[in-house]
Amino acid sequence: MHALEQACFSTPWSLAQCRAALHNPAFMAFGIWRSRTLLAYISAYHINGELEILNLGVMPAERRRGLAQILLHGLLQAGNKMGMQKTVLEVRESNFAAIALYHKFGFRPAGMRPRYYPDNGENALIFERV
């Protein structure tokens with residue numbers, strides 16, 4: 001998973017973080033595959049009635065196919081079935097497509113984490129959906 005994330009989705013997880021998540025019973029992930037190739041995935045933790053979305057990644061060549069919407073919808077449905085009362089996530093300020101997608105799904109701004117992303121020091125916007 002680590003090499004895939006690095007190559008296809010440019011997510012900031014380290015190998016240690018991936019291993020820790022996969023062994024945590026509160027972690028869940030969904031993916032869309034075609035011919036043994038992962039096209040898109042979403043991952044989250046569910047703790048104390050809150051669903052925290054960690055990553056939503058779509059391979060660049062597949063970004064216009066609505067895969068992010070499919071995965072986000074599926075994750076939110078799973079969260080509802082588990083009785084999650086709130087969903088939160090962080091997103092880069094410059095990721096206008098993700099921000100528009102989250103607004104479409106009823107997420108609202110809830111704060112900011114200054115200099116959250118280590119690669120460039122960009123701020124993270126916090127969104128929540130109750």
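Helices and strands here are DSSP runs, helices of at least four residues and strands of at least two, numbered from the N terminus. With that numbering in hand, note before selecting anything that this is a predicted model.

**The whole chain**

Begin with the full protein in cartoon view, where four helices and six strands can be picked out. Followed from the N terminus, the elements come in the order α-α-β-β-β-α-β-α-β-β. Of the 130 residues, 42% count as buried, and among contacts between residues at least 6 apart in sequence, 49% join residues at least 24 apart.

**First stop: the loop between β5 and β6**

Select R115, which sits in the loop that runs between β5 (108-113) and β6 (124-129). Is this residue buried or exposed? R115 has a relative accessible area of 64%, and it therefore counts as exposed. Its backbone also deserves a look, since phi of R115 is near 50°, a positive value in a residue other than glycine.

**Second stop: the loop between β2 and β3**

Move next to N48, in the loop between β2 (37-47) and β3. Here too phi is near 50°, and N48 is a residue other than glycine with a positive value. The relative accessible area of N48 is 79%, so this residue is classed as exposed.

**Third stop: E90 in strand β4**

Now select E90, which belongs to strand β4 (residues 86-92). Because its relative accessible area is 18%, and buried means under 20%, E90 counts as buried. Show side chains around it, and a polar contact of 3.4 Å can be drawn between the side chains of E90 and Y116. Leaving aside residues up to four places away in sequence, E90 touches E52, R113, Y116, Y117, A124, L125 and I126.

**Fourth stop: E62 before helix α3**

Which element or loop holds E62? E62 is found in the loop between β3 (50-58) and α3. With a relative accessibility of 10%, E62 is counted as buried. Its side chain makes a polar contact of 3.0 Å with the side chain of R34. When residues up to four places away in sequence are not counted, E62 touches R34, L39 and L67.

**Fifth stop: F30 in strand β1**

Select F30, whose place is in strand β1 (residues 27-34). At 32% relative accessibility, this residue counts as partly exposed. Add I42 to the selection: the two residues are 12 apart along the chain, and their C-alpha atoms are separated by 5.4 Å. The residues that F30 touches, again not counting those up to four places away in sequence, are A40, Y41, I42, L71, L75 and A78.

**Last stop: helices α3 and α4**

Finish by selecting helix α3 (residues 67-81) together with helix α4 (residues 96-104), which pack at an angle of about 45° with their axes 11 Å apart. The two helices are therefore oblique to each other, and their crossing is right-handed. Which residues make the contact? From α3 they are A68, Q69 and L72, and from α4 they are L101, Y102 and K104. Coloured by residue class, the residues of this contact divide into four nonpolar, one polar and one charged.

Definitions and conventions. Residues numbered from 1 in each chain as written. Predicted model: local features only at pLDDT ≥ 70, side-chain atom pairs only at ≥ 80, totals over all residues. Heavy atoms only, no water. Axes fitted to C-alpha atoms, helices over the stretch in contact; angles between N-to-C directions. Parallel < 35°, antiparallel > 145°, perpendicular 65-115°, else oblique. Left-handed = near helix turned anticlockwise from the far one by under 90°. Contact = heavy atoms within 4.5 Å. Nonpolar A, V, L, I, M, F, W, Y, C, P; charged D, E, K, R; others polar. Buried < 20%, exposed > 50% of the residue type's maximum accessible area, 1.4 Å probe, protein only. Polar contact = N/O pair within 3.5 Å; in protein donor to acceptor, adjacent residues only side chain to side chain.
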